[in-house]
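Please open the model in your viewer and keep the selection panel at hand. The stops below go from one small element to a sheet, and then to the contact between chains.

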Amino acid sequence: MTALQKNSDKIINFIIEENQQKLYNTMLILKVDGLENQVKSLEDRLTQYEREQIFFLEDEGNSHNPLNSGKTLFRAKDKMVSQNVDDFQQCKRIVERALEILSDWEDIDDIKFQIQYAAVIIGKIDNLKKRKYISSDEVRNKICTLLRNVIRLNATEEVLSKEQVTLLKEGISLAIVENIQKDELFKLNRKLRKAELSTMPAWE
Amino acid sequence: MNLLLDTTIQIDRITGSKERKRAVRGILDNHVLYCSTYVLGEYYNNIVKDFVTLFSLFLIDRDIGETGKRINERVFGRSQARVAKLYANIISMCDYNTDEIEDTFRLYADLIQEDFFEDIQEILNITKCERANAKIIYEDGKPILQHVQCTKKKEICEVCHLWRESKGEVARIIEDKTVNSKILDILILAEHDEKGFRGRNCMTLGDMIICLEALKSEISLGVCSSNKSDFQPICDLLGIDLLAPDYSLKTTSRDDGEDDKV
């Protein structure tokens, strides 16, 4: 092999190596780009999750998924809050409607009509009791139970007076009062008894 | 007048029929009302205990039929009729819905304890009756009534002190012999050994204890009871006013001129 050929080989090899290097570099860059795109995509998803406000909390060691690395998904606090607000709004709507019906009831002097209104109000109370806002609170639940029983015990006996129906309105309004205390339940009970409404069936 | 309400009146005004409640309300109007820890203890030992037992029976199966069956078994004895009536009324009122029934039981557990104190000016504590300290507590959502054991052996209250302060009155009652013979027998025995005032005998002597509480109180008190036949002789002997509702009153006939037309 002549010196020229040797030099040529060297040059060609150098060019090839350089190109390989470039190629390698290019491939590396492409790979990094790809990874960056993946990372960006993950970041975008994370941002989206953040917008939906799902956040990761550490699982206390119960995870069986090795890829999960012990983290558990929980619903967003805000999402729960918005559900609670919905629940309260539903209860408020039911109470408002019940108050309208009770306002009509105040003017009734026919027991047959009274029974119809009573059935509707009991239905409203039953709906209220299905709502978490009511069922999860001991005092609210008891107020609703008390009112339901009062209507069941009294509405078919005689026509209720205006004062008695007003008390039912007062009672049902209490169901959605914030921070309601047990004292309010007892006060309501006493008012109902003083107004000669049976709050409990007879034992004797 | 200041009135000391006995157990029968408290039971009637809390658990009685509408007519009874009306009669009791009528008689108590315009009086200042008192009660005592002894009466509270009797109330807890009868009404509240029966209620909690019924509630617990229901919670065992949460089955309407099973609960009804168990009421008819030996659990309630003399109070079976009362409990059966309450249960029948509750299940009917709640449309046979077990969730509603349970909610109602939980509500009434609060109300029967609270209603006792309605319109009461003061609860006298002359006997310091331990049974009055019972309360309904909950374990895993199941009600338990704290148990108080009254026995002859141990003095856990001050009822004997009341009897010691009332020797003159006791002698008068023994001499008179108009009171119930069961009471007389116990009084004669207990004169020699005050253990005779404790345990089950204390419950038998309940009417007398309530009258003595009224007599020995710093406040001048009459007694109100639904049980006129037992209370009248004691009150007469001790010089205490007795007020008793008249449950025999019929509703007045209509005077609005309406004929009995169909």
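Begin by selecting Ile136(B) together with Leu145(B), its bridge partner in strand 5 of chain B; keep in mind throughout that this is a predicted model. Extend the selection to the whole of strand 4 (residues 136-139) and strand 5 (residues 142-145) of chain B, and you will have two strands that pair in the antiparallel sense over 4 bridges. These strands form a hairpin with 2 residues between them, and in that turn Asp140(B) deserves a label, since its phi is positive, at about 50°.

**The sheet of chain B**

Now clear the selection and pick the open sheet of chain B, whose 5 strands follow the order 3-2-1-6-7 with parallel pairing. Which strands pair on one side only? They are the edge strands, strand 3 (120-124) and strand 7 (242-243) of chain B.

Within this sheet, select Leu4(B), which stands opposite Tyr34(B) in strand 2 of chain B and also opposite Val223(B) in strand 6 of chain B. The pairing behind the former is that of strand 1 (residues 2-5) with strand 2 (residues 32-36) of chain B, which run parallel and are joined by 3 bridges; the pairing behind the latter, between strand 1 and strand 6 (residues 222-224) of chain B, is likewise parallel and has 3 bridges. Moving to Leu33(B), you will find it opposite Ile120(B) in strand 3 of chain B, and the parallel strands 2 and 3 of chain B are joined by 4 bridges. Add helix 3 of chain B to the display: this helix packs on the sheet, touching strand 1, strand 2 and strand 3 of chain B, and its direction makes about 65° with that of strand 2 of chain B. If you show side chains here, recall that in a regular strand they alternate between the two faces of the sheet.

**The contact between the chains**

Next, show both chains and select the residues in contact, of which 35 come from chain B and 29 from chain A. The size of an interface is often given as the accessible area lost when the parts come together; between chain B and chain A the buried area is about 3,200 Å², with carbon and sulfur atoms giving 49% of that value.

Zoom in on Lys182(A) and Asp110(B), whose side chains meet in a salt bridge with an N to O distance of 3.0 Å. Between chain B and chain A there are 14 salt bridges, and the count of residue pairs in polar contact, with both residues at pLDDT 80 or more, is 23. On the side of chain B that touches chain A, the elements giving two or more residues are helix 1 (7-15), helix 2 (18-28), helix 3 (37-61), helix 5 (80-93) and helix 6 (98-114) of chain B. Colour helix 6 of chain B separately, for the largest share of this side, 10 residues, comes from that helix. If you colour this side of chain B by class instead, you will see 13 nonpolar, 6 polar and 16 charged residues.

**A last stop in chain A**

Finally, select Arg97(A) and Glu100(A), whose side chains meet in a salt bridge at 2.7 Å, N to O. Both residues lie in helix 2 (residues 77-105) of chain A, 3 residues apart, about one turn of the helix. Over all chains, the structure holds 36 salt bridges.

Definitions and conventions: Residues numbered from 1 in each chain as written. Chains lettered and ligands numbered in written order. Predicted model: local features only at pLDDT ≥ 70, side-chain atom pairs only at ≥ 80, totals over all residues. Heavy atoms only, no water. Contact = heavy atoms within 4.5 Å. Buried area = accessible area lost by both parts, 1.4 Å probe. Salt bridge = Lys/Arg side-chain N within 4 Å of Asp/Glu carboxyl O. Polar contact = N/O pair within 3.5 Å; in protein donor to acceptor, adjacent residues only side chain to side chain. Nonpolar A, V, L, I, M, F, W, Y, C, P; charged D, E, K, R; others polar. Pairing = 2+ DSSP bridges. Axes fitted to C-alpha atoms, helices over the stretch in contact; angles between N-to-C directions.
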